[in-house]
Every structure is written in C-alpha cells, then in structure tokens.
Amino acid sequence: MEYNFYGWEVATVPAQTDEYKGIDTPRTLYDALLNVWCEYTCAPRLREQWTPENITLGQCSITAFLVQDIFGGEVYGILRPGGNYHCYNVVDGKVFDLTSEQFGDEVLNYQDNPIQTREVHFAKEEKYQRYLYLKEHLKKFVFDF
C-alpha cells in the first residue's frame with residue numbers, strides 16, 4: 001500500500017511500546033489517526049480551514065510527539081512563515097512526517113532543522129490538552145477496533 005505522507009517508504013520503525021494495540025509502525029499509526037484527527041485536535045488558528053479532506057491540517061506537533069511516545073526518536077521543526085514550526089519525526093535516521101499532506105504540493109526542507117521540545121510546545125495549555133485528547137482517543141480507537 002502507498003501513502004501520501006513524506007517518508008512513508010521508510011516509516012517502518014517498530015513500536016517501542018505495546019500501549020496502543022495494533023500500532024506497530026508509523027504507517028499503522030497513520031491509518032488509526034485517520035479515525036482520530038478532527039477539528040478539535042487541529043491547532044485553533046487553523047480550525048476554520050480544517051476539513052475532513054485536509055485532515056492533517058494543524059495536527060503536526062501533537063502528532064509528532066505522539067509518534068515519539070510510541071516509536072522514540074526526535075521531533076524536529078521546519079520554520080514556517082509567521083514564525084511557527086511544522087513538526088516531523090526522525091527515528092533511527094529515518095525521516096517521516098505523518099502530517100505533511102496538509103501542504104499539498106509544497107516541498108518542505110527536512111534537513112538541518114532544530115529539535116523541538118515538549119516543554120516549549122506544551123507550554124501552551126491548549127496544545128497540551130489537544131495532545132492528551134489525541135492520545136486518549138487513539139487508545140479508545142485501537143481498543144474498540
């Protein structure tokens with residue numbers, strides 16, 4: 001099966017935890033998140049633009065830190081116009097971005113970007129709450145599945 005997110009071909013690293021039943025690679029996580037991402041998990045500044053057709057819009061940081069919870073590795077950020085960072089993952093040297101589809105045909109530069117930390121991102125309480133919501137609903141989805 002082919003995916004449209006950046007690095008899908010190498011998104012095969014194994015899960016470091018069995019906390020999420022059936023989530024064994026970033027690809028299976030992506031499949032599950034298609035049922036969990038929603039307007040609420042979208043960044044508030046982008047919510048008016050969020051649609052089910054652009055399901056990954058505004059989901060990057062909370063998704064990247066969830067990927068880190070499950071697969072390890074580091075979260076990096078691409079500086080975007082306006083000063084925000086678009087987050088993605090590097091695990092065992094494999095670069096992938098489960099939320100890259102939100103940019104359509106735009107080509108992002110995944111080289112030489114700064115590491116992103118939970119302390120900085122989750123200093124925004126609303127972002128931390130969205131992350132907790134994403135984790136909780138992913139657990140419910142895999143439990144019910």
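Reader: Is Asp18 buried or exposed in this model?
Author: Exposed. This is a predicted model, and in it Asp18 has 72% relative accessibility. The cut-off for exposed is over 50%, so Asp18 counts as exposed.

Reader: Where does Asp18 sit?
Author: Asp18 is in the segment before helix 1.

Reader: What separates Asp18 from Arg45 in space?
Author: Their C-alpha atoms are 33 Å apart. Along the chain, Asp18 and Arg45 are 27 residues apart.

Reader: What about Thr25, buried or exposed?
Author: Buried. Thr25 has 18% relative accessibility. Buried means under 20%, so Thr25 falls on that side of the cut-off. Thr25 also lies in the segment before helix 1.

Reader: Which residues does Thr25 touch?
Author: Ala11, Thr12, Val13 and Phe71. That leaves out residues up to four places away in sequence.

Reader: Phe71 is in a helix, right? Which residues of helix 2 are buried?
Author: Phe71 is on that list, as a buried residue of helix 2. The others are Cys60, Ser61, Ile62, Thr63, Ala64, Phe65, Leu66, Val67, Gln68 and Ile70.

Reader: How many is that out of the whole helix?
Author: 11 of the 12 residues of helix 2 are buried. So the rest of the structure largely encloses helix 2.

Reader: What do those buried residues pack against?
Author: Several elements. The helices are helix 1 (26-33), helix 3 (118-121) and helix 4 (125-144). The strands are strand 1 (74-79), strand 2 and strand 3 (94-96).

Reader: What span should helix 2 have?
Author: With 12 residues at 1.5 Å a residue, helix 2 should span 16 Å. Its end C-alpha atoms are 16 Å apart, which agrees.

Reader: And what comes just after helix 2?
Author: Gly72. Its phi is positive, about 80°.

Reader: Which other residues have a positive phi, glycine aside?
Author: Asp92 is one of them, with phi near 50°. Asp112 is another, with phi near 55°.

Reader: Where are they?
Author: Both are in loops. Asp92 is between strand 2 and strand 3. Asp112 is between strand 3 and helix 3.

Reader: Is Asp92 buried or exposed?
Author: Asp92 is exposed, at 65% relative accessibility. Asp112 is exposed too, with a relative accessible area of 80%.

Reader: New topic. How many residues are in the largest nonpolar core?
Author: 37. Leu29, Leu33 and Leu138 have the most contacts inside this core.

Reader: Which elements supply at least two residues of this core?
Author: Helix 1, helix 2, strand 2 and helix 4. Helix 2 gives the most, with eight residues.

Reader: What is Leu33 in contact with?
Author: Thr63, Leu66, Leu98, Leu134 and Leu138. Neighbours within four places in sequence are left aside. Thr63 and Leu66 are among the buried residues of helix 2.

Reader: What about a second core?
Author: Another core lies apart from that one, with six residues. Among them are Ile78, Tyr88, Val90 and Phe103.

Reader: Now empty space. How many cavities of 30 Å³ or more are there?
Author: The count is one. About 40 Å³ of space lies in the largest cavity.

Reader: Which residues line it?
Author: Cys60, Thr63, Ala64, Val67, Cys87, Tyr88, Asn89, Asp97, Leu98 and Thr99 line the largest cavity. Helix 2 (60-71) and strand 2 (85-91) each give two or more of them. Helix 2 gives the most, with four.

Reader: Polar or nonpolar, how does that lining divide?
Author: Six residues are nonpolar, three are polar and one is charged.

Reader: And how much space lies in the largest pocket?
Author: About 500 Å³. The largest pocket is lined by 24 residues. The closest to its centre are Arg45, Cys60, Asn84, Tyr85 and Lys127.

Reader: Cys60 again! Which elements line the pocket with two or more residues?
Author: Helix 2, strand 2, helix 3 and helix 4 do. Here helix 4 gives the most, with three residues. And yes, Cys60 is also in the lining of the largest cavity.

Reader: How does the pocket lining divide?
Author: Nine nonpolar, nine polar and six charged residues.

Note on methods: Residues are numbered from 1 along each chain as its sequence is written. This is a predicted model: local features need pLDDT of at least 70, side-chain atom pairs count only at pLDDT 80 or more; totals for chains, interfaces and linings use all residues. Side-chain values use heavy atoms; hydrogens and water are left out. On a 1 Å grid over the protein atoms alone, a cavity is a set of points where a 1.4 Å probe fits but cannot get out, and a pocket is an open set with protein on both sides within 12 Å along at least five of seven lines; lining residues have an atom within 4 Å of a point. Grid points are joined across faces, edges and corners, and a volume is the space filled by probe spheres set on the points. Ala, Val, Leu, Ile, Met, Phe, Trp, Tyr, Cys and Pro count as nonpolar, Asp, Glu, Lys and Arg as charged, and the others, Gly among them, as polar. The expected span of a helix is 1.5 Å times one less than its number of residues. Buried means under 20% relative accessible area, exposed over 50%, partly exposed in between (1.4 Å probe, protein chains only). Contact means heavy atoms within 4.5 Å. A nonpolar core is a set of buried Ala, Val, Leu, Ile, Met, Phe, Trp, Tyr and Cys residues joined through side-chain atoms within 4.5 Å.
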